[in-house]
Amino acid sequence: MRNKIVEFRNVSFRYGEEQPWVLKNCSFEIYENEAIAIIGHNGSGKSTIAKLMNGLLFPQQGEIVINGRAVTNDSIWDIRKDVGMVFQNPDNQFVGTTVQDDVAFGMENRGVNRNEMIRRIEETLSAVGMQEYRLIEPHKLSGGQKQRVAIASVLAIFPDVLILDEATAMLDPRGRADIMKTVTSVKEERNLSLITITHDLQEVVQAERVIVMNEGEIWDEAAPRDLFAKKADLRHIGLDIPFVAALSDELRKAGIPINHEALNHEELLEELWTSYSTM
């Protein structure tokens, strides 16, 4: 049984007393070493959830608990040691004049000793494939390289939870795939809880569980396979479905038996092979 690492308890939030509620009475739990995707249309509240987890915002109602501690003004700095966050635009996170300076910044703020800092810089840059760029100025890097450095900077503080808030949105498909492969590898190595806030359906299908937001409320929580079986309902709230899932439906309409919900091309090919081999 995995331990709870994030708990939202009837959380509501709005950006001002006269503004509408962005989140309405949201409750959910995330467990250690779990991979979660949070999806929803623009304005559904998913990025607000990320900022609340990291203590960048505080709820007007309800309670957020990270590693057994309530998120408050008094606990905020301890919470941020446990929760690392990577944003959509890595330029917003750079503070150092070189790649290694940037990775060192968070550790310096936490009083990590020099020898340990050097070890972590080497380890995290190696993990994201950027050790050869340690003396390069961040602004000279490509978009994908910048995002790798931003991830290394967060990993260097050894968080228990890693949040990617649309962190791959500015990358091309290959760049997105490379970043997610790196992050997944580090997650398994360190037993991180990974929370991916994304519009990319390929990232969604890699999660263990998906939280769907709609108009500030939790619309559904399900495994990807179960969620994408609800195609009509998802389209009704303005969300897309993976191409493979849509193709599976068209094949069924054409009389080809597809018995299980395929999440990727390999699974669909296996379904087709099974169908034709039994005909």
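Let's start in a loop: Phe 158 sits between α5 and β7 (161–165). Helices and strands here are DSSP runs, numbered from the N terminus (helices are H or I, at least four residues; strands are E, at least two). Phe 158 has a positive phi of about 55 degrees, although it is not a glycine. Is Phe 158 buried or exposed? Neither: with a relative accessible area of 34%, Phe 158 is partly exposed. Buried means under 20% relative accessible area, exposed means over 50%, and partly exposed is in between (1.4 Å probe, protein chains only).

Some ground rules. This is a predicted model, where local features need pLDDT of at least 70, side-chain atom pairs count only at pLDDT 80 or more, and totals for chains, interfaces and linings use all residues. Residues are numbered from 1 along each chain as its sequence is written, and side-chain values use heavy atoms, with hydrogens and water left out.

One more backbone point. Asn 25 also is not a glycine, and Asn 25 has a positive phi of about 55 degrees. Asn 25 belongs to strand β2 (residues 23–31).

Now helix packing. Two packed helices are described by the angle between their axes and the distance between the axes. The axes are lines fitted to C-alpha atoms, for helices over the stretch in contact, and angles run from 0 to 180 degrees between N-to-C directions.

Take α5 (residues 143–155) and α6 (residues 173–190). Their axes come within 10 Å and cross at roughly 15 degrees. The two helices are therefore roughly parallel to each other. The cut-offs: under 35 degrees counts as roughly parallel, over 145 as roughly antiparallel, 65 to 115 as roughly perpendicular, and the rest as oblique. The crossing of α5 and α6 is right-handed. That term means the near helix is turned clockwise from the far one by less than a right angle; anticlockwise would be left-handed.

Which residues of α5 and α6 make the contact? From α5, they are Gly 144, Gln 147, Arg 148, Ile 151 and Leu 155. From α6, they are Asp 178, Ile 179, Thr 182, Val 183, Val 186 and Arg 190. Contact means heavy atoms within 4.5 Å. By class, that gives 5 nonpolar, 3 polar and 3 charged residues. Nonpolar covers Ala, Val, Leu, Ile, Met, Phe, Trp, Tyr, Cys and Pro; charged covers Asp, Glu, Lys and Arg; the others, Gly among them, are polar.

Helix α5 has another partner. Helix α3 (residues 99–109) packs with α5 at an angle of about 35 degrees, with the axes 7 Å apart. α3 passes α5 in a right-handed crossing. Val 99, Asp 102 and Val 103 of α3 meet Val 149, Ala 152 and Ser 153 of α5. That contact has 4 nonpolar, 1 polar and 1 charged residues.

Next, charges. Side chains of opposite charge can pair when their charged atoms come close. How many salt bridges does the structure hold? There are 23 (each a side-chain nitrogen of Lys or Arg within 4 Å of a carboxyl oxygen of Asp or Glu).

Look at Asp 82 and Arg 69. Their closest N and O atoms are 2.4 Å apart. Asp 82 lies in helix α2 (residues 76–82) and Arg 69 in strand β5 (residues 69–70), so this pair ties together parts that are 13 residues apart in sequence. Asp 82 is buried, at 13% relative accessibility. Arg 69 is partly exposed, at 32%.

Compare a pair within one helix. Glu 123 bridges to Arg 119, with the closest N and O atoms 2.7 Å apart. Both lie in α4 (residues 114–127), 4 residues apart, about one turn of the helix. Glu 123 is partly exposed at 26%, and Arg 119 is partly exposed at 38%.

A third pair: Lys 140 and Glu 137, with closest N and O atoms 3.6 Å apart. Lys 140 is exposed at 58%, while Glu 137 is partly exposed at 34%. Elsewhere, salt bridges that share partners join Lys 4, Glu 7, Arg 9, Glu 29 and Glu 63 into one network.

Last stop, strand β9 (residues 209–214), which includes Asn 214. Asn 214 is buried at 16%. Beyond neighbours within four places in sequence, Asn 214 contacts His 41, Ser 44, Trp 219 and Ile 237. Ile 211 is in β9 too, and Ile 211 is buried at 0%. With the same neighbours left aside, contacts of Ile 211 include Phe 28, Ile 36 and Glu 221.
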